[in-house]
Amino acid sequence: MRTLATAVALTFMTVCGGTTSSTGSTSGQVIVSLHNLAFAPLSLSIQVGQTVRWRNDDQVAHTVTSGAPALLSDLFDQMLKPGETFDFTFAKAGTFPYFCRIHAPMGMLGSITVGQTSATSGGTTSGTTGGTTGGTTGIPY
Ligand SMILES: [Cu+2]
């Protein structure tokens, strides 16, 4: 039995190889790459409280500007030189379009969809019904 267990363990180790895959996307940081005059991924879905990190992998400067070219929102507006990063934590649910000021005419637009984390619903419903009825009725003399 012991030899079998060892054999199984060895097989698993061989199958898994040495790659330690760390895909912890439920919380923390999500990366958007700025590359070839585009945001990758173009659209991204995250949860409230998550941080998006934009990273300029291009050889030219870009901006990460919230809103749309015709309708700016003043959430963020960050210039990124090649190699630089910018972090933004989304505290509210909704859809947040953004773009690059320099290359928006060339279609450099992106969007972040922020979902509300499953709210803990259901609380204490049973309250104290029935209060003090009947007060002091003045005694007639
Ligand atoms: Cu750009």
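## Two open sheets and a shared core

Mean pLDDT for the protein chain comes out at 78, with 64% of its residues at 70 or more. Bear in mind that this is a predicted model. The chain holds one helix and nine strands, and reading from the N terminus the elements go α-β-β-β-β-β-β-β-β-β. Of the 141 residues in the protein chain, 15% are buried.

**Where to be careful**

- Residues 6-25 stay under 50 in pLDDT, and the model gives this stretch one contact beyond four places in sequence.
- Residues 121-135 also have pLDDT below 50, here with zero contacts beyond near neighbours in sequence.
- As for contacts across the chain, take those with a separation of 6 or more: 51% of them link residues 24 or more positions apart.

**The four-strand sheet**

- One open sheet has four strands in the order E2-E1-E4-E7, and its pairing is mixed.
- Strand E2 (38-40) and strand E7 (85-89) sit at the edges with a single partner strand each, so one side of each has no neighbour in the sheet.
- On average, neighbouring strands here are turned by 25° against each other, direction ignored.
- Strand E4 (residues 51-56) and E7 run antiparallel and are joined by five bridges.
- Look at arginine 53 for an example: its bridge partner in E7 is aspartate 87.

**The five-strand sheet**

- The other sheet to look at is open too, with five strands in the order E3-E9-E8-E5-E6 and mixed pairing.
- Which strands stand at the edges? They are strand E3 (43-47) and E6; each has a single partner strand, so one side of each is left without a neighbour in the sheet.
- Neighbouring strands in this five-strand sheet are turned by 25° on average, again with direction ignored.
- At the E3 end, E3 and E9 run parallel, joined by five bridges, and serine 43 stands opposite serine 111 in E9.
- At the E6 end, strand E5 (residues 62-68) pairs with strand E6 (residues 71-80) in the antiparallel sense, over six bridges.
- E5 and E6 make a hairpin that has two residues between them.
- Histidine 62 has leucine 80 as its bridge partner in E6.

**The nonpolar core**

- The largest nonpolar core counts 15 residues, and Val52, Phe90 and Ile112 have the most contacts inside it.
- Strand E1 (29-35), E4, strand E8 (94-99) and strand E9 (109-115) are the elements that give this core two or more residues.
- E8 provides the largest share, three residues.
- What does isoleucine 112 touch, leaving aside neighbours within four places in sequence? Its contacts are Leu44, Ile46, Val52, Phe90, Phe96 and Tyr98.

**A closer look at valine 64**

- You'll find valine 64 in strand E5.
- Why does valine 64 count as buried? Because it has 23 C-beta neighbours inside 10 Å, and 20 is enough to qualify.
- Not counting residues up to four places away in sequence, valine 64 touches Trp54, Phe76, Gln78, Leu80, Phe86 and Tyr98.
- Tyr98 turns up in the contact list of isoleucine 112 and in that of valine 64.
- Valine 64 and threonine 85 are 21 residues apart along the chain, and their C-alpha atoms are separated by 10.0 Å.

How values were computed:
Residues are numbered from 1 along each chain as its sequence is written. This is a predicted model: local features need pLDDT of at least 70, side-chain atom pairs count only at pLDDT 80 or more; totals for chains, interfaces and linings use all residues. Two strands pair if DSSP finds at least two bridges between them. Axes are lines fitted to C-alpha atoms, for helices over the stretch in contact, and angles run from 0 to 180 degrees between N-to-C directions. A nonpolar core is a set of buried Ala, Val, Leu, Ile, Met, Phe, Trp, Tyr and Cys residues joined through C-beta atoms within 7 Å. A residue is buried if 20 or more other C-beta atoms lie within 10 Å of its own, exposed if 12 or fewer, and partly exposed in between; C-beta atoms are placed from the backbone. Two residues are in contact if their C-beta atoms, placed from the backbone, lie within 7 Å. pLDDT is the predictor's confidence in each residue, from 0 to 100.
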